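This report covers ring contacts, enclosed space and a few single residues. Please keep the structure open while reading.

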Amino acid sequence: NICDFYAFFAYLCQNEGVLISFAVENYAGFAEKSLLTLGDAAIINRYRNPPKNNTWQDHVENVAGIFGANASGKSTFLSAIVCLTRAISTPNYFRDAVEALYRPFKTRYHDYDNYPSSFELDGVFANQRWEYQVAVDSQGVVSEYLTTWEGSYRRKIIERTRQEIWINWGKEKNISRKNIAEVIPRNSLAVTMASLFEHPDAGKFCTAIREDFAFIRPEEADKQARHAWLTEALLKRPEWAQVVNMVLQVADLGISGFRVNEEVVPNKYVRIAKRINEVINSELGEEGQTQEVELEDEEAQQMATALVLKHRLNGKEIDFNLEEESRGTIAWLNVAIPAIYMLVNGKTLVCDELDDSLHPSLVALLVSLYSNPRVNTKGAQLVFNTNDVSLLERYPEAILKREEIWFSEKDANGNCALYSLPEGVRKENNIAKLYFQGALGGMPYPQSLALEKLVSDLNS
């Protein structure tokens, strides 16, 4: 029962973080600047803090759905968010992460290699509003700025150019621009390095970015990681068993329950696996040999965990391993549980291909959870792309508001652009119909006649 589902999660569900806008330029398919805004632009541009007696939740959307043809830039735009937040929040790998930010647009019409890839992030994290901008080229960081607001006071924390780096340490430390520049390499973010040196504001910003974002991607490795997270969460937090049961029953998959199967892996196999991992990941010594590592007995004990789903057939319960389950069942579990986890914790979930192996009704259900103020009481946000055009339908009721609808389109030169629903579209319009008619852009135009001729020629 959908009503019971809403009531249950309202029971589970203080705002933790709000993404206000994100922009990218000269990154992969996006040659020109493309901006995703999750709120009222007039309010956001006018006020650095929410109007009196308001919060940002009153002016920022909880959902943003991106539609468009294949290869139109939908996944690329979300990938830019992934790359930037990873570069900010993973100091152990910051050099590789910064290098990944530079992906200039490729075209024969203009030399974009001479321009940096640029990113802008605006949001409220750890109860403060932050604006972060960074530009990166093949030589490293070109510019970087971090600003925050305390009440109506705007405070600069980081200002960086190719030649100089300035970090506002307040009264605690006095470090010159020259000394800072010597400490921070070109291929490292100043905000990440300042966090490592225990700068309070930089540390707060980096920690918030790490904790307030999660990503769902269609790659197989990501699916396996999410499933491993789910089984571990069920072992450590038994209360989530009720969540899993509810999710399975709402999807009407004929499943009566589940259990977590645990098997102790023999120590010798654990040691073999660990040794292989060490050989692959460790650096070679002076003589080209890896160093031997002694494993403690408790380190060699590992649990192999897996979900086993229970089906009731002819009055009997039968266990099904995941290998025996449908792809849709596994996809629903691996997407719905992380989505609900982010929802009840007031975080931002960025999902590439939300409709991957899911029925449109289940996709609509997940989106509606984030849109429903009775359920989403902490301001959680869902930013996703999809090919499920049924989300644009207005009947029997609208799933997405006009402010939540975005499109991505590629022009003849290969340049992708992100844009919102045009102003001329009225509330009563059938948006799905307009989209299929090509009135909104972002629509593929396959060369069907050419393909039909090719197949006919092959058959002749």
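Which residue lies over the face of Trp149? Arg129 does, at 5.9 Å from the ring centre. The model is a predicted one.

**Rings and charges**

A second arginine has a similar role to report. Arg103 lies over the face of Tyr27, 5.0 Å from the centre of that ring.

Aromatic rings also meet one another. The count comes to 12 aromatic pairs. One pair is formed by Tyr27 and Phe119, whose ring centres are 5.5 Å apart. Their planes stand at 70 degrees, so the pair is edge-to-face; the cut-off for that class is over 60 degrees. Tyr27 belongs to the loop between β1 (17-25) and β2 (34-37), while Phe119 belongs to strand β4 (residues 117-125). The two parts are 92 residues apart in sequence, so the ring pair ties together distant stretches of the chain. Tyr27 and Phe119 are both buried. Tyr27 thus appears twice here: in a ring pair with Phe119, and under Arg103.

Elsewhere, ring pairs join five residues into a cluster: Phe67, Phe407, Tyr419, Tyr435 and Phe436.

**The largest cavity**

What volume does the largest cavity have? The value is about 40 Å³. Its lining consists of Ser75, Leu78, Ser79, Val82, Ile216, Arg217, Val350 and Asp352. By class, these divide into 4 nonpolar, 2 polar and 2 charged residues. Helix α3 (residues 74-89) gives the most, with 4 residues.

Asp352 deserves its own look. This lining residue is found in the loop between β13 (348-351) and α13 (360-371). Its relative accessibility is 9%, so Asp352 counts as buried; the limit is under 20%. Which residues does Asp352 contact, beyond its neighbours within four places in sequence? They are Ser75, Leu78, Ile216, Arg217, Pro218 and Asn385. Among them, Ser75, Leu78, Ile216 and Arg217 also line the largest cavity. Asp352 and Arg217 are 135 residues apart in sequence, yet their C-alpha atoms are 5.0 Å apart.

**The second largest pocket**

This space is a pocket, and its volume is about 320 Å³. It is lined by 18 residues. Glu220, Lys223, Ile330, Ala331 and Asn334 lie nearest its centre. Two elements give two or more residues to the lining: α8 (220-236) and α12 (327-344). The lining has 6 nonpolar, 4 polar and 8 charged residues.

**Four single residues**

The table sets out where four residues sit and how accessible they are.

| Residue | Place | Relative accessibility | Class |
|---|---|---|---|
| Ala28 | loop between β1 and β2 | 15% | buried |
| Thr37 | strand β2 | 17% | buried |
| Ala241 | helix α9 (residues 240-250) | 26% | partly exposed |
| Ala71 | loop between β3 (63-68) and α3 | 58% | exposed |

Two of these residues have unusual backbone angles to note. Most residues other than glycine have a negative phi. Ala28 has a positive phi, near 50 degrees. Ala71 also has a positive phi, of about 65 degrees, and is not a glycine. Are these two alanines buried or exposed? Ala28 counts as buried at 15% relative accessibility, whereas Ala71 counts as exposed at 58%. The loop that holds Ala28 lies between β1 and β2, and Tyr27 is in that loop too.

Thr37 is placed in strand β2. Not counting residues up to four places away in sequence, Thr37 touches Ile20, Ser21, Ile44 and Trp406.

Ala241 is in helix α9. Which residues touch Ala241, leaving aside its neighbours within four places in sequence? Leu234 and Phe258 are the two in contact. Ala241 and Phe258 are 17 residues apart in sequence, and 8.5 Å separates their C-alpha atoms.

Methods:
Residues numbered from 1 in each chain as written. Predicted model: local features only at pLDDT ≥ 70, side-chain atom pairs only at ≥ 80, totals over all residues. Heavy atoms only, no water. Phe/Tyr/Trp six-rings, centres within 6.5 Å; stacked < 30°, edge-to-face > 60°. Buried < 20%, exposed > 50% of the residue type's maximum accessible area, 1.4 Å probe, protein only. Lys NZ or Arg CZ within 6 Å of the ring centre and 35° of its normal. 1 Å grid on protein atoms, 1.4 Å probe; cavity = no way out; pocket = protein on both sides within 12 Å on 5 of 7 lines; lining within 4 Å. Points joined across faces, edges and corners; volume = space filled by probe spheres on them. Nonpolar A, V, L, I, M, F, W, Y, C, P; charged D, E, K, R; others polar. Contact = heavy atoms within 4.5 Å.
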